[in-house]
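Good morning, and thank you for coming. Today I should like to walk through one structure with you, a few elements at a time. Please have the display in view as I speak.

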Amino acid sequence: MKKVFALLMICALLLCSAFASAEGELISVGIVNNPPSESGYREANVEDFEKVFSAENGYDTQTFYSLKNDEQLNAAQQFITEGVAYLLISAAETTGWDNVLASAQENGVRVFLFDRMIDCDESLYEAAVVSDMRNQGVTAVEWLKSQGLEEYNIVHIQGVMGSDAQIGRTEPLNEQVAAEPDTWHIVVQQTASWDEAEAKTITEAAINSGEPFNVIYAENDGMARGAVAALDEAGITHGVDGDVIVMGFDTNRWALRELQAGNWNYDGQCSPYQAQVISDMIQQLEAGEELNLESKKIITEERGFDATTITEEDIVNYGIGDDPGVIE
């Protein structure tokens, strides 16, 4: 009888141990993202995902960073091979992902897109928590149109070519230039691949060419800052009441401070905070629930900021990253 009792106790302990192990099992996640060095936006985005998809929150997370689409594709396939439960992707380019996403589906790996869209059938992912990059471009161009310049001579500094952000911020400007070719002109249109130093070099070349320009349309804040550095060295005024309108994207707090000081004119918002929304959906799936989304594409609401109307509250509520304080 004692032996039977002992066996029952051992079985009970083993069952308790099994339940405890199951309850403590981490959810395996592979994240494919752009590196934090890409921009202040990306640094905030990476920090957000690291915070949410942590062991403390129940995740076993591996992350791969690259600005090259082929490297991202290889990393995503490796995560699938390793058997992660969820694959989260911010793609360097919009195309080329069909085979990898199909492989994920075949292997039971659930995919979420974040930050940027991919050109693929929506059946290949659970949901996309993204910015509407085209709307960011449309909003910026509409703001620029509202400035009522006699002529728009634009130095257009682009991000990584083929990325959702670059396409979305470029196409509306190209369309506007094509619609009004007599008054809208592209002086320079060149990629700096989100790099501040390269943007400075592009602007220096535009200045040295002698062709007049009165707008810097830079597709992120870092590139706008690089362009402004070149203007400053050449003694060209910019911002409110300056000779050159300066436009950026991402709403880093330091960039919004430049607006507040009148050194820049416009900054388009791009929110980096998608991680918690995706985590909530993963927890629903883990609980055996359906997502029941009205649309698989979940758009982050965003806006643009004008130097003449921006407030301290705007900077506190919508700025990302560290705050340098008021710029003199």
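Let me begin with a pair of residues: Asp267 has Phe305 of strand β12 as its bridge partner. This pair belongs to the contact between strand β10, residues 266-269, and β12, where 3 bridges join two strands that run antiparallel. Before going further, I should say that what you see is a predicted model.

Where do these two strands belong? They are part of an open sheet of 6 strands, in the order β7-β6-β8-β9-β10-β12, and the pairing in this sheet is mixed. As a general reminder, the strands of a sheet pair through backbone hydrogen bonds, and they do so either parallel or antiparallel.

Which strands stand at the edges of the sheet? They are β7, residues 184-191, and β12, residues 304-306. Each has a single partner strand, so one side of each is left without a neighbour in the sheet. On average, neighbouring strands here are turned by 15 degrees against each other, if direction is ignored. Helix α9, residues 253-260, lies across β10 and β12, and runs at about 145 degrees to β10.

Let us now turn to another part of the chain, and to strand β1, residues 27-33. Is β1 mostly covered or mostly uncovered? It is mostly covered, with 6 of its 7 residues buried.

β1 pairs with strand β2, residues 59-65, in the parallel sense, over 7 bridges. Within this pairing, Ser28 stands opposite Asp60 of β2. Together with helix α2, residues 40-52, the strands β1 and β2 make a β-α-β unit, and this unit is right-handed.

β1 is also joined to strand β3, residues 86-89, by 4 bridges, and these two strands run parallel. Here the residue to find is Ile31, whose bridge partner in β3 is Leu88.

My last topic is a pair of helices. Helix α3, residues 69-82, packs with helix α4, residues 98-106, at an angle of about 10 degrees, and their axes are 10 Å apart. Angles under 35 degrees count as roughly parallel, and α3 and α4 are therefore roughly parallel to each other.

Which residues make the contact? From α3 they are Leu73, Ala76, Gln77 and Ile80, and from α4 they are Val100, Ser103 and Ala104. Of the residues in this contact, 5 are nonpolar, 2 are polar and none is charged.

Thank you for your attention.

Notes. Residues numbered from 1 in each chain as written. Predicted model: local features only at pLDDT ≥ 70, side-chain atom pairs only at ≥ 80, totals over all residues. Heavy atoms only, no water. Axes fitted to C-alpha atoms, helices over the stretch in contact; angles between N-to-C directions. Parallel < 35°, antiparallel > 145°, perpendicular 65-115°, else oblique. Contact = heavy atoms within 4.5 Å. Nonpolar A, V, L, I, M, F, W, Y, C, P; charged D, E, K, R; others polar. Buried < 20%, exposed > 50% of the residue type's maximum accessible area, 1.4 Å probe, protein only. Pairing = 2+ DSSP bridges. Right-handed = clockwise from strand over helix to strand, strands pointing away.
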